[in-house]
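This report looks at a protein interface and then at one helix pair. Please keep the sequence and the coordinates open while reading.

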Amino acid sequence: MTAQIRIDPTLCRGHAICALFFSDAVDLDQWGFGKVAVSVIDSERDLRRARRAAAACPNGAFVVTGADGSVDNGARRPRRLRVRAAR
Amino acid sequence: MTVQPEVRVHPRRGVARVDSLLPGLGPQITVEAAVAGLGDPLGLLLSGPPAGPDGEGLESHLARWSELPPLDGAGVRALLRASALDGRGGGGFPLARKVETAMLAGGRPVLIVNASESEPASHKDRTLCSQRPHLVLDGAALVAVALGIDEVVIHLHRALGSPVRVLEAAMAERQGRSIADPRWSISTGPDRYVSGESSAVARYVAGGEARPLFTTIPLAAEGPSGRPTVISNAETVAHLSVIARMGPDAWSGLGTASSPGPRLVTLTGAVNSPGRVLEVSGPATLGEILATDGMSTRPAAVLVGGFAGTWLLGDDAWQTPFSRDALAAVGVQPGCGLLGVLPHGACGLTETARIVRYLAGESAGQCGTCVAGLPRLADSCESLAAGTFRKRGVRKMSALADTVLGSGACGHPDAVVRLIRSTLDVFEDDVVRHLAGHACRAADHPPVFAVPEPVLAIGRDDTREWT
């Protein structure tokens, strides 16, 4: 398993929901934009968390990529959100 | 038939160098450092007499260079590998690897020759396209052969003075030749700095806006059109047309071990002829390059690699060879080959502040880091230059630069950070003086670098010209 997480900075608008779902892997800068701190995913649990974060991102900026670099966010829907995404 | 190598004597340095146009010369030939201007017989790309406003005609081009040898795709790919031709647009990525990635990806690749040369002070691609259009077209045709396609897009900025007309005339001239050329098309896009970045060019040519793309897969494997997209700088492909004629070993021998082949540089700033393009071969030092332009004393500092480049103190720069390894040893990349000279008596902090403000205005406005970060970095640089900064301000600026680094979709914010870091490093004494509140010694020095006004246009339909 060589999944990686990436944040598309052209889409990120600083909702910071990824940081709620997967705080270990995402740092927020001073404006709230996410920056990937640990990109390589090495456990099933982290993969689940990453996919949850990807599904929760309102801009589709948070992506999980497979071994060949293609986007593979999984089909999982986000668990019920405790925060409401800003519109 | 055997061809006797012709030996020429360097007119300035009195160094003998084997004429490099002859085929079959082995790698044993070591080349003395040489710097050639347009029309200098020691050059390769720039050899031959200066051409008029229409560029060198096909007849004169073929008389000097003869027809391209008949090569198939595997032959051209072998040339690319053997010569280790590196990209000359700034990134330095080997063209052979781009082509191989595209071939492995499958599907019909797209080939774009990037002649947009966003760097406002750089003139090498403009000079090549307007003076030696057939060298660029020959090289582009060869890359098309390597990729097995019959279509080439040449992308340029819309700016006034861009060599679109020369290239169009050259393409018309080539029609009806015996060697089959690919179908040529010219694409002209917005003049903005980031619009010349390779993914922005690929996106524009594929029908989108001229803004850089966030990619998880290399463009050469899958571009924005869904097809593998190979983008190569105009100088890079021009070199390939020379490699095909003189052989990869002889061509590589004209450079150094780390930087194969000759390289084009543009001079700007406090030089005798700003915008002059020179061809550097062998381990020529920055001092030798600047001496070719008539500079006899070491300048205060040199900005290497472009506006978003790295500063070097004049004393350090003077003895540094213009090769990838030697520059890397002092923390510099050759970039697009721009050498900007800062004279004694001018303020490096002021010049950097002007450049950072320009670069901040030339971002694509897509990523938070450029939208929020770069204008604040430009503010900080201006405060530092104006002497209204305290020590804490510099620490804050450094922290901000750390945040900005690596968080954009393209390399634009990273390049600004690199410039700022090298400024704080190289002009350390000036920083201390500015922080102490003393008036800048160079407060009334006229601007050294010609930094243009930021270009507002970036969309497809915005045709505002760069004035």
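## Contact between chain B and chain A

The contact draws 19 residues from chain B and 17 residues from chain A. The model is predicted. Interface size is often quoted as the accessible area lost when the parts come together. Here, chain B and chain A bury about 1300 Å² between them. Carbon and sulfur atoms account for 62% of that area.

Three residues stand out on chain B. B:Phe214, B:Thr216 and B:Thr403 supply 41% of the area that chain B buries against chain A, more than any other three residues.

What is the count of salt bridges between chain B and chain A? The count is zero. Polar contacts do occur: three residue pairs, with both residues at pLDDT 80 or more, are in polar contact between chain B and chain A.

Two helices of chain B, H14 (368-386) and H15 (391-404), each supply at least two residues of the side that touches chain A. Helix H14(B) gives the most to that side, with four residues.

## Helix pair within chain B

Helix H2 (residues 73-83) and helix H3 (residues 95-105) of chain B pack with their axes 8 Å apart. The angle between them is about 140°. H2(B) is therefore oblique to H3(B), as angles over 145 degrees would be needed for roughly antiparallel.

From H2(B), the residues in contact are B:Arg77, B:Leu80 and B:Arg81. They meet B:Leu95, B:Ala96, B:Val99, B:Glu100 and B:Met103 in H3(B).

## Residue classes at the two contacts

The table sets out the make-up of each set of residues.

| Set of residues | Nonpolar | Polar | Charged |
|---|---|---|---|
| Side of chain B that touches chain A | eight residues | nine residues | two residues |
| Contact of H2(B) with H3(B) | five residues | no residues | three residues |

Definitions and conventions
Residues numbered from 1 in each chain as written. Chains lettered and ligands numbered in written order. Predicted model: local features only at pLDDT ≥ 70, side-chain atom pairs only at ≥ 80, totals over all residues. Heavy atoms only, no water. Contact = heavy atoms within 4.5 Å. Buried area = accessible area lost by both parts, 1.4 Å probe. Salt bridge = Lys/Arg side-chain N within 4 Å of Asp/Glu carboxyl O. Polar contact = N/O pair within 3.5 Å; in protein donor to acceptor, adjacent residues only side chain to side chain. Nonpolar A, V, L, I, M, F, W, Y, C, P; charged D, E, K, R; others polar. Axes fitted to C-alpha atoms, helices over the stretch in contact; angles between N-to-C directions. Parallel < 35°, antiparallel > 145°, perpendicular 65-115°, else oblique.
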